Amino acid sequence: MSEYILEVKNLRTSFFTHLGEVQAVRDISYKLKKGGILGIVGESGSGKSVSSLSIIRLVDSPGKIVHGEINFDGIDLTKISTKKMQDLRGSEIAMIFQDPMTSLNPVYTIKNQLIEVIMKHVRITKEQALEEAKKIKDLERQKKAIKRIENGITRRINKKEALERAIYYLKLVGIPEPETRIKEYPHQFSGGMRQRALVAMALSCEPKLIIADEPTTALDVTIQAQILDLLKKIKKELDTTIIFITHDLGVIAELCDDVIVMYGGMIMEKGSVNDIFYRPQHPYTKGLHQSIPKDVVGQKKRLVPIAGSPPDLLNPPKGCPFNPRCRYAMEICLEKPAPLFAISNTQSSACWLQDENAPDVEGFKKSGGVLSE
Amino acid sequence: MNKKEVLLEVKNLKKHFYIKKNILGKIQKTLKAVDDVSFVIYQGETFGLVGESGCGKTTCGRTIIGLYENTGGEVYFDKKLISAGSEEYALNIQELKDELSLKLKKVAKDDFDLREALKKEYQEKIDIEIEKRNIAIKKEKSAKRNPRDIQMIFQDPYTSLNPRMTVAEIISEGIKTHKLFTGNDIMERVFYLLETVGLKREHASRYPHEFSGGQRQRIGIARALAMDPKLIICDEPISALDVSIQAQVVNMLEDLQDEFGLTYLFIAHDLSMVKHISDRIGVMYLGKMMELAGSDELYDQPLHPYTQSLLSSIPLPDPEANKISKRFLLKGEITSPINPKPGCRFAGRCKYAKDKCFSEDPLFEEILPNHFAACHYVKDINDLK
Ligand SMILES: Nc1ncnc2c1ncn2[C@@H]1O[C@H](COP(=O)(O)OP(=O)(O)OP(=O)(O)O)[C@@H](O)[C@H]1O
Ligand SMILES: Nc1ncnc2c1ncn2[C@@H]1O[C@H](COP(=O)(O)OP(=O)(O)O)[C@@H](O)[C@H]1O
Ligand code: SF4
Ligand code: SF4
Ligand SMILES: [Mg+2]
Ligand SMILES: [Mg+2]
């Protein structure tokens with residue numbers, strides 16, 4: 001088994017609108033190790049959501065994966081049937097969205113919704129099944145049952161078990177008195193509680209991967225702090241892999257182990273959280289850091305904004321998507337997007353300044369022109 | 001700035017919304033969006049107003065500028081009374097406004113002419129109520145605001161500009177109404193303002209939809225500047241913008257402040273940006289001011305339990321610092337300002353709360369020099385004498 005749970009290779013996703021092709025994701029590749037939290041950060045429209053929705057094949061029409069492979073636990077998700085994908089969604093890969101109200105059905109109780117998801121996706125474990133099989137009196141039937149179980153087939157979880165599990169996870173995410181509150185409707189929950197219920201729903205099938213798309217953006221900071229705390233606890237206790245999408249650098253620093261910085265549908269830089277915060281190597285990443293206040297008491301530093309505005313993906317600039325706003329842009333930047341150059345074994349930067357022929361401006365050049373694999 | 005001149009004084013300001021009337025017109029519930037808030041803003045400074053969503057920041061700003069009818073307390077601008085509250089007339093005025101918004105709901109969104117006509121009709125009725133109110137409280141002469149003095153910039157750069165007007169029309173609307181410039185000078189003024197906010201002359205003839213969020217916010221700022229205001233109320237002017245664009249707008253606001261000697265009331269929930277831009281900061285919770293201090297002092301030494309948890313909840317853009325910083329996680333969530341219970345508004349979530357907190361409103365008092373807080377036990381909690 002590979003140490004990576006997910007490998008995205010040369011993914012391209014476009015929307016074919018009447019105005020033309022919107023290239024939302026333009027050739028991105030990354031690998032995700034088991035058991036960590038990967039942060040994807042970038043400005044509005046940079047392709048964070050579309051790249052993640054592509055993984056679970058939930059891109060709305062007129063959007064389509066145009067190219068690439070998505071290997072999840074040994075299978076290429078772009079190749080499997082729609083039916084197989086539906087089974088995987090929820091059971092192996094779960095998604096948490098920004099607005100909890102759109103993912104919860106207002107006419108059903110929290111209980112109904114949780115139980116439905118659990119019963120659809122969860123089977124009892126081999127151990128439990130064997131335990132049950134032992135109780136079968138008829139030896140012939142018992143033998144058959146055990147054989148089925150050895151072949152990996154166990155029965156679906158029943159309603160009573162599903163309810164127990166739902167309550168267990170609601171308690172885990174900090175819903176007070178879950179036994180009674182589970183009978184309520186989504187509108188009876190506050191915003192923070194709804195988001196917790198969604199986290200519980202995502203966890204309840206014990207997926208290998210959770211994709212959380214700005215799950216705290218709509219929440220107040222005191223509630224955001226509660227949810228971030230919860231996700232950290234989950235990571236520690238459940239060993240789930242999480243992809244966390246946000247535009248907030250503070251949240252990335254607080255929560256994530258690894259970071260991908262996106263811009264104009266491409267990956268600009270990848271690295272460990274410390275790489276990205278203490279040793280950023282891409283002009284865009286550096287620009288982002290200088291755009292946010294980092295004042296120390298008693299002295300205010302003027303912010304250094306990035307001039308201009310993000311690209312129009314209907315008409316992306318040729319070459320590096322950041323070139324119209326980059327003060328280091330060279331001729332080649334206007335021609336070809338830069339490949340990811342290896343800065344270290346954890347960090348890589350998609351910038352021509354890392355090329356062996358590039359001049360060393362302001363100490364950017366770190367890689368010696370070696371491409372990241 | 002040794003001798004600080006007070007530009008705006010807000011005294012015991014209240015803005016209550018009355019909801020759910022029964023058939024006799026009796027009020028069933030009162031939503032106390034702003035409830036007895038006092039502060040001053042000095043000439044040339046930036047005063048930040050922070051707090052979680054729904055705590056009353058926007059309502060406070062809108063009541064100061066007169067977009068909402070004041071239901072209690074006074075507002076002074078340049079030492080002159082500009083707004084005085086009265087429950088009775090506020091009720092009448094709110095009724096008129098409710099009627100208007102009902103009617104507006106029935107009119108197509110893009111029928112601007114009819115919308116404007118309705119607004120005008122109701123504004124006249126409302127003005128009559130205001131006159132009556134002023135006479136009743138015998139402050140008719142003084143309680144009048146020069147509409148140019150205070151301007152406002154809104155949070156949403158997409159809905160705050162009329163999509164059917166060109167940029168030039170948007171910016172010059174106020175100039176024309178108040179006859180600040182005439183003839184060719186109007187366009188010259190528009191060009192000057194566009195350049196001041198970092199846009200180009202060519203942009204004058206375009207429509208709002210042709211601009212990005214950051215550029216629209218610049219148009220909104222140009223419109224405010226057109227009136228030569230002394231105070232600008234900025235209601236979350238950067239919340240809807242991308243990080244890299246936020247810095248552009250913040251820097252521009254700082255430059256304009258230096259150039260024109262502007263004073264800002266800066267409303268926001270992004271606490272690190274507020275700290276960066278503000279000289280002093282007020283923290284609101286459920287319609288009440290909880291704490292007020294200089295911005296460095298507030299972040300360094302927050303006294304109120306709510307401010308302490310609020311500030312400790314901010315994730316810092318610094319992984320190592322996050323590991324060592326202590327979080328005071330709050331339990332529960334902000335409750336509703338409808339018929340609030342007596343006592344401290346924060347009591348339900350406060351880990352220091354005692355019996356007294358549930359029955360008596362704490363006073364908003366100066367605890368350290370120029371550092372105010374509203375908490376019964378603030379001295380014990382912070383080991384102050
Ligand atoms: N249904 C759609 N039709 C056409 N274009 C789309 C559609 N959905 C997304 N796009 C485009 O794809 C690009 C990437 O969008 P995406 O939603 O991934 O951005 P994001 O990084 O998640 O931004 P945000 O921070 O605003 O959520 C954008 O240019 C967007 O306009
Ligand atoms: N026009 C209105 N009618 C009734 N209630 C309102 C109105 N405007 C605001 N409120 C209520 O007043 C409270 C404070 O709102 P607001 O000032 O917008 O908060 P903030 O700007 O701090 O997020 C909220 O409970 C809000 O729902
Ligand atoms: S590749 Fe060129 S344009 Fe792009 S970030 Fe690097 S230097 Fe700037
Ligand atoms: S008055 Fe009481 S409840 Fe309110 S903040 Fe102080 S200790 Fe907490
Ligand atoms: Mg998104
Ligand atoms: Mg507001």
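Okay, so when I say helix or strand today, I mean DSSP runs: H or I over at least four residues for a helix, E over at least two for a strand, numbered from the N terminus. With that, here is the pocket in chain A: β1 (4-17), β2 (20-33) and α1 (48-55) of chain A each put at least two residues into the shell around ligand 1. And keep in mind that what we have on screen is a predicted model.

Let's stay with ligand 1. Which helix or strand gives the largest share of that shell? That would be α1(A), with 3 residues. There are 14 residues around the ligand, and the ones that come nearest are Ser44(A), Gly45(A), Lys48(A), Ser49(A) and Val50(A). By class you get 5 nonpolar, 6 polar and 3 charged.

Now the polar pairs. Ser49(A) has a polar side-chain atom 2.6 Å from an oxygen of ligand 1. Gly47(A) works through its backbone, with an N or O atom 3.0 Å from a ligand oxygen. Then there's Glu214(A), where a polar side-chain atom sits 3.5 Å from an oxygen of ligand 1. As for burial, ligand 1 on its own has 640 Å² of accessible area, and the protein covers 67% of it.

Over to chain B and ligand 2. Here 13 residues surround the ligand, and the closest are Gly54(B), Gly56(B), Lys57(B), Thr58(B) and Thr59(B). Thr59(B) brings a side-chain N or O atom to 2.4 Å from an oxygen of ligand 2. Lys57(B) uses a polar backbone atom, 2.8 Å from a ligand oxygen. And Tyr68(B) pairs with a nitrogen of the ligand, its side-chain N or O atom being 3.3 Å away. Taken alone, ligand 2 exposes 560 Å², and 67% of that is buried by the protein. In chain B, β2 (27-42) and α1 (57-65) are the elements that give two or more residues to this shell, and α1(B) gives the most, with 3. The class split is 6 nonpolar, 5 polar and 2 charged.

Ligand 3 is back in chain A. Its shell has 10 nonpolar residues, 2 polar ones and no charged ones. Among the residues around it are four cysteines you can click on, Cys320(A), Cys326(A), Cys333(A) and Cys351(A), along with His282(A) and Trp352(A).

Okay, the interface. How many residues does each chain bring to the contact? Chain A brings 44 and chain B brings 39. The area buried between them is about 3300 Å², with 54% of that from carbon and sulfur atoms. We count 3 salt bridges between the chains; one of them joins Glu254(A) to Arg327(B), with the closest N and O atoms 2.1 Å apart. There are also 18 residue pairs in polar contact across the interface. On the chain A side, α9 (191-204), α10 (221-238), α11 (249-255), α12 (273-278) and α13 (283-291) each supply at least two residues, and α10(A) has the largest share, 8 residues. That side divides into 20 nonpolar, 14 polar and 10 charged residues.

Last bit: over all chains, the whole structure has 34 salt bridges. A nice one to look at is Lys134(A) with Glu131(A), closest N and O atoms 3.8 Å apart. Both residues lie in helix α5 (residues 126-134) of chain A, 3 residues apart, which is about one turn of the helix.

Note on methods:
Residues numbered from 1 in each chain as written. Chains lettered and ligands numbered in written order. Predicted model: local features only at pLDDT ≥ 70, side-chain atom pairs only at ≥ 80, totals over all residues. Heavy atoms only, no water. Near = heavy atom within 4 Å. Polar contact = N/O pair within 3.5 Å; in protein donor to acceptor, adjacent residues only side chain to side chain. Areas by Shrake-Rupley, 256 points an atom, 1.4 Å probe, with all protein chains shown as cover. Nonpolar A, V, L, I, M, F, W, Y, C, P; charged D, E, K, R; others polar. Contact = heavy atoms within 4.5 Å. Buried area = accessible area lost by both parts, 1.4 Å probe. Salt bridge = Lys/Arg side-chain N within 4 Å of Asp/Glu carboxyl O.
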